[in-house]
Amino acid sequence: MSNRETLDYDPVDALIEQGRRELTDGKIDKARWCFEEVLRRRPDEPRALLGLSYARRKSDMPPSMNEASEAEQKNQLADA
């Protein structure tokens, strides 16, 4: 890793991206952990708040509804 990459690295951004990937892969518990970890570091981080709300909503849905909301979720997370 170059010095520039080291200086530009933000663990919060990395956790948010990891949370998005986990959520997309259906790994809700891992996604929640990522977003909760971001919120421990930055309590008002809007991307983590949004991701955590999706993870909570997805974990409360029956499986058939999860599939229906997946496209909507991907679009909104990509825009955040």
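**Entry 1: H2 against H3**

I began with the pair H2 and H3 in this predicted model, and I found their axes 7 Å apart, with a packing angle of about 160 degrees. Angles over 145 degrees count as roughly antiparallel, and H2 and H3 are therefore roughly antiparallel to each other. I then looked up the handedness, and H2 passes H3 in a left-handed crossing. On the H2 side I listed Pro11, Val12, Leu15, Ile16, Gln18, Gly19, Arg20, Glu22 and Leu23, and on the H3 side Ile28, Lys30, Ala31, Trp33, Cys34, Phe35, Glu37, Val38 and Arg41. Sorted by class, this contact of H2 with H3 holds eleven nonpolar, two polar and five charged residues.

**Entry 2: Leu15, a residue of that contact**

I picked Leu15, which has its place in helix H2, and asked whether Leu15 is buried or exposed. Its relative accessible area is 14%, and with the limit for burial set at under 20%, Leu15 is therefore buried. Setting aside neighbours within four places in sequence, I found Leu15 in contact with Trp33, Cys34, Glu37, Val38 and Arg41. I also noted the C-alpha separation of Leu15 and Phe35, which is 7.0 Å in space for two residues that are 20 apart in sequence.

**Entry 3: H3 on its own**

I next took helix H3, residues 28-41, and looked up its span: its 14 residues reach 20 Å from the first C-alpha to the last, which is close to the 20 Å expected at 1.5 Å a residue. Which residues of H3 are buried? I wrote down Ile28, Ala31, Cys34, Phe35, Glu37, Val38 and Leu39. The spacing of several of these made me recall that an α-helix has 3.6 residues a turn, so residues three or four places apart point the same way. As for what covers the buried residues of H3, the cover includes H2 and H4.

**Entry 4: H3 against H4**

For the second pair I looked up H3 and H4, whose axes are 9 Å apart and which pack at an angle of about 150 degrees. H3 and H4 are therefore roughly antiparallel to each other, and H3 passes H4 in a left-handed crossing. From H3 the contact takes Ile28, Arg32, Phe35, Glu36, Val38 and Leu39, which meet Arg47, Ala48, Leu49, Gly51, Leu52, Ala55, Arg56, Lys58 and Ser59 of H4. I recorded the classes of the residues in this contact of H3 with H4 as eight nonpolar, two polar and five charged.

**Entry 5: two residues of H4**

I looked at Ala48 and Arg56, taking Ala48 to begin with; this residue is found in helix H4 and counts as buried, at 0% relative accessibility. Beyond its neighbours within four places in sequence, Ala48 is in contact with Ile16, Phe35, Val38 and Leu39; of these, Ile16 is listed in H2, whereas Phe35, Val38 and Leu39 are listed in H3. The C-alpha atoms of Ala48 and Gly19 are separated by 8.5 Å, although these residues lie 29 apart along the chain.

Arg56 also lies in helix H4, but Arg56 is partly exposed, with a relative accessible area of 42%. Not counting residues up to four places away in sequence, Arg56 touches Arg32 and Glu36. I noted further that its C-alpha atom is 8.0 Å from that of Ile28, across 28 residues of chain.

**Entry 6: H2 against H4**

How do H2 and H4 lie to each other? The axes of helix H2 (residues 11-24) and helix H4 (residues 46-60) come within 10 Å and cross at roughly 20 degrees. With angles under 35 degrees counted as roughly parallel, H2 and H4 are therefore roughly parallel to each other. The crossing of this pair, H2 and H4, is left-handed. In it I found Val12, Asp13, Ile16, Arg20 and Leu23 of H2 meeting Arg47, Ala48, Gly51, Tyr54, Ala55 and Lys58 of H4. By class, the residues in the contact of H2 with H4 come to six nonpolar, one polar and four charged.

**Entry 7: the protein as a whole**

Last, I looked up the totals, and the secondary structure comes to five helices and zero strands, in the pattern α-α-α-α-α along the sequence. Of the 80 residues of the protein, 34% count as buried. Among contacts between residues at least 6 apart in sequence, I noted that 45% join residues at least 24 apart.

Methods:
Residues numbered from 1 in each chain as written. Predicted model: local features only at pLDDT ≥ 70, side-chain atom pairs only at ≥ 80, totals over all residues. Heavy atoms only, no water. Axes fitted to C-alpha atoms, helices over the stretch in contact; angles between N-to-C directions. Helix = DSSP H or I, 4+ residues; strand = E, 2+ residues; numbered from the N terminus. Parallel < 35°, antiparallel > 145°, perpendicular 65-115°, else oblique. Left-handed = near helix turned anticlockwise from the far one by under 90°. Contact = heavy atoms within 4.5 Å. Nonpolar A, V, L, I, M, F, W, Y, C, P; charged D, E, K, R; others polar. Expected span 1.5 Å × (residues − 1). Buried < 20%, exposed > 50% of the residue type's maximum accessible area, 1.4 Å probe, protein only.
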